Structure formats: structure tokens, C-alpha cells
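Work through the exercises below with the sequence and the model open. Each task is followed by a solution in steps.

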Amino acid sequence: MSHPMLANASHDETAEQLFVRDLQTWLYTEVEPHERKIAEELDPGLGHNDRAEAVYEALHKEPAFIGWSGMRRATQELLWDSVWTCVDRQAEGLDALASEAPELGSLTLAEDFAVPDYLEDAHVHLMPGGYGLDAEGVRQGALMDRGGAVYMLGRNGGFLNDGRGKAVAAHLACCYPDLAPERILELGCGVGSSVVPLAQAYPEAETYAVDVGASVLRYAHARAAHLGAAVHFVQDDAESTRFEDESFDVVFTAAVMHETSPEAIGRILTESHRLLRKGGVAVHLEVPVRYERLDLWSQVIAGIERDYNNEPAWKDATSADYEALMNAAGFEAVKVGFQDAVLGPDMSASKFGDESKGVFLSWFVTSGRK
Ligand SMILES: C[S@@+](CC[C@H](N)C(=O)[O-])C[C@H]1O[C@@H](n2cnc3c(N)ncnc32)[C@H](O)[C@@H]1O
């Protein structure tokens, strides 16, 4: 399933995007095992302080690794190139479509807004311009949305890319069945892929969403309205928003922490606590891995993602002690575990437990009550 705001790809653009997707899949599934073998041969063994970093460094002298990691980076650049061509060609049409969106929700942009350094210094996933860019109209949002769907290789809800939002809704339904939120807030909403499923799950609630980029937010607002969801989008910093204390019943993030900084993670948790009414619930969803449980090769991959795909906080976010951080932020009855991805129409099939079933099958979740 798709939605009206998604930039359409022509025959040739589709072919190019599918080529990039297939080339990335080939690099990950067919070539990567050879790299893993080389890494295992370089392993200094147990007892070494930071084996993964030692192997990662040694790999940089291996021609096979240099070639493979270079191709990995080149395909990511190619991905954005191919999506940009298709977005740029129809930018005016997308702006017009945005202006024709049903009058649902709202958009509030800040007059003078400073994008956090960690988003400005390194454009995450190599997306040209980054999340904070105030590109004309809805361009940057259109780039992020179509690029995100291609990047996820279609495994996170296809072109709706709504798997994370559905997992948050499933977590609330299974772990907090008594909750009937009147006001919901997403911190770090991007193009709104995750907040729309929440607005749909709780149609009686007033739903808000915050992010840093004007163009991304313009797009998110039009996208949600075309999907029939009334969401109020606000340009603000998730670490310290303009909302009053105790103004929401649910505050959530989805895949935000690993794109921030170690300090920002704690501040966003504290902010989510400040914004909740007594009895309200915060849900923070992340990639379904814990760094310490990863094998050596997956830890090496974390280094590659950090340095060549601009994911600076990936290791910090996947090794953070969320129970301690949530407690320090003031939450009670903190839960930490994995929520099954919602794979069919029945959300109640998604359970919360201790084990991850793997990427795109589970999501790491921490939640707690105020
Ligand atoms: C990977 S995207 C996820 C978007 C959305 N939550 C989803 O699930 O589709 C991470 C988003 O977090 C936003 N973000 C990171 N730090 C932020 C901050 N301090 N304030 C607001 N947004 C932030 C980024 O701008 C980006 O849009």
C-alpha cells in the first residue's frame, strides 16, 4: 500500500531504484560472508579489550574489505541519487498536492530554530541535506520518504514504512490495555510514518508530532492529511520542547535515539517524563539489537555504519542501559524487551518478551509510567 504524497517513479527510475536495492541485498547476503571470514581470521581472540575495534582497524588493510565497504558506501550514495532524480522531477507537483491536502491537523514552524549539532554535523544515512534542511516546499520530506522505503528494502510496511508505529501501538495495546489516551506526542517523527498508525489506533485522541526540519514537516503534514489522519506537526527539539508540563498521556519515539548522542538520549527520556501526565506512558522503540549480545562481525558492522553511513550514536544507543536511564528520568515499572513486529492485520498477535526475533521481526522497546 502507498499514499498520494509519495513521489512516483517512472519506469527507468523504478528500474534504477530496484537495481540499487538488489545490489545492496547482494552485497549484504552474497559478499558479506566472505568479509566475515576475513574478519574472523583477524580476531585477536578472547581477552583482548576491544576485539571488534581491533578487527575493524585491521580490516582496513585488507583489499577485499576496502573494495566491499567502498561499494557499500557507493550503493548508499547511488540510492539517494536515484531517489533525488525522481523527487526533483516532480517537486512542483508534490508542492501542489500538499496544498490540496484535506484540512486535517496543523503545521507549526518555528521562526528561529537551531537544529541539534549531531544532526547537522553528519547527515544520517548519507541523505543529502540531512533531516534539518529547509529545502523549498516538501522536497526534503519527499526525498526522505521514498528513500526510506527503498532503504528498508520494503521490509518495514512497504511504501507506508509504518512497521515501527504499528509496533508502538501494539506495545500500548498489549502492555497498557487500560490506557485511553486523550493526547499523544511523537518526538522525532520524520515524515510521520510512525505517528499515522498511532493516530489511527486512537482516533479520539489529539495527536502531535515534533521534528527539526521545515521541509520534512510540511511533507509529513500533507502526507498524514492525505491518509486521513489529523496530526499536529510542530518544529521543535525533542530534547526540550515548547509544550507545557504534563500535557500528554502518551509520549513515544521510534528509531530516534541511535541518531542522536549519548547525552541527548538521557535528555529525551527526561523530556518525555516532563511532558506526561501522572499515569501517562512513554514508549521508546529502537533497532532490535543489543550491542553486547552481538557477535564479533555484527559489532564490526556497527563501526562501518558509524563511519561510512553516518550513524554516530548507533553503538551508544544499542548498548545504553535503558532501565537505569528510564528510572533516572523518573519512570516507574519500567519495561525493557522486544515487541514483535506487526506482520498482519491482527495487532494482538504481536507480543512483548525478552528475546529479539531479528531485524524487521522485532523491535527493541523500553516503556514506563509516570
Ligand atoms: C530514523 S528517523 C525516524 C522517524 C520516525 N520516528 C519514524 O519512525 O519513521 C529519526 C528522526 O528523529 C529526528 N530527530 C533526531 N533528533 C531529534 C531532536 N533532537 N529533535 C527532534 N527530532 C529529532 C530526526 O530529525 C529524524 O527525523
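Burial is graded by relative accessible area: buried means under 20%, exposed over 50%, and partly exposed in between, with a 1.4 Å probe and protein chains only. At 2% relative accessibility, M127 therefore counts as buried. The model is predicted, so local features need pLDDT of at least 70 and side-chain atom pairs count only at pLDDT 80 or more, while totals for chains, interfaces and linings use all residues. Residues are numbered from 1 along each chain as its sequence is written, and side-chain values use heavy atoms, with hydrogens and water left out.

**Exercise 1. Place M127.**

Task: State which loop holds M127, and how far M127 is from F159 in space.

Solution.
Step 1. M127 sits in the loop between helix 5 and helix 6. Helices here are DSSP runs of H or I with at least four residues, strands are runs of E with at least two, and both are numbered from the N terminus.
Step 2. The C-alpha atoms of M127 and F159 are 18 Å apart, with a sequence separation of 32 residues.

**Exercise 2. Describe the ligand site.**

Task: Find how many residues surround the ligand, which polar atoms it meets in E186, G188 and S194, and how much of its area the protein covers.

Solution.
Step 1. The ligand is surrounded by 22 residues, and the closest are E186, G188, S194, D211 and A238. A residue is counted as near if one of its heavy atoms lies within 4 Å.
Step 2. Look for polar contacts, which are pairs of N or O atoms within 3.5 Å; within protein, one atom must be able to donate a hydrogen and the other to accept it, and residues adjacent in sequence count only if both atoms are side-chain atoms. An N or O atom in the side chain of E186 is 2.7 Å from a ligand nitrogen. For G188, a backbone N or O atom lies 2.7 Å from a nitrogen atom of the ligand. S194 places a polar side-chain atom 2.6 Å from a ligand oxygen.
Step 3. On its own the ligand has 600 Å² of accessible area, and the protein covers 97% of that. The areas come from the Shrake-Rupley method with a 1.4 Å probe; for residues, only the protein chains shown count as cover.
Step 4. By class, the shell consists of 11 nonpolar, 5 polar and 6 charged residues. Ala, Val, Leu, Ile, Met, Phe, Trp, Tyr, Cys and Pro count as nonpolar, Asp, Glu, Lys and Arg as charged, and the others, Gly among them, as polar.

**Exercise 3. Analyse the nonpolar core.**

Task: Which members of the largest nonpolar core touch the most other members, and which domains supply it?

Solution.
Step 1. A nonpolar core is a set of buried Ala, Val, Leu, Ile, Met, Phe, Trp, Tyr and Cys residues joined through side-chain atoms within 4.5 Å. The largest one has 32 residues, of which L79, L119, Y131 and Y219 touch the most other members.
Step 2. Two or more residues of this core come from each of helix 3 (63-89), helix 4 (91-99), helix 5 (117-121), helix 6 (139-151) and helix 9 (214-226).
Step 3. Domain 1 (11-103 + 131-151) and domain 2 (161-369) each give at least three residues to this core. The domain bounds come from an automatic or database domain assignment.

**Exercise 4. Compare three side-chain contacts.**

Task: For S367, R223 and D178, name the contact partner.

Solution.
Step 1. S367 belongs to strand 9 (residues 362-369). With 0% relative accessibility, S367 is buried, and its side chain makes a polar contact of 2.7 Å with the side chain of Y176.
Step 2. R223 belongs to helix 9. R223 is buried because its relative accessible area is 1%. Its side chain reaches the backbone oxygen of L160 at 3.0 Å.
Step 3. D178 is in the loop between helix 7 and strand 2 (183-187). D178 counts as exposed, at 56% relative accessibility, and its side chain is joined to that of R369 by a polar contact of 3.1 Å.

**Exercise 5. Check the backbone.**

Task: What is the phi of E246 and of A255, and is each residue buried or partly exposed?

Solution.
Step 1. E246 is not a glycine, yet its phi is positive, at about 55°. E246 lies in the loop between strand 4 (231-235) and strand 5 (248-254), and is partly exposed at 44% relative accessibility.
Step 2. A255 also has a positive phi, near 55°. A255 lies in the loop between strand 5 and helix 10 (262-275), and its 16% relative accessibility makes it buried.
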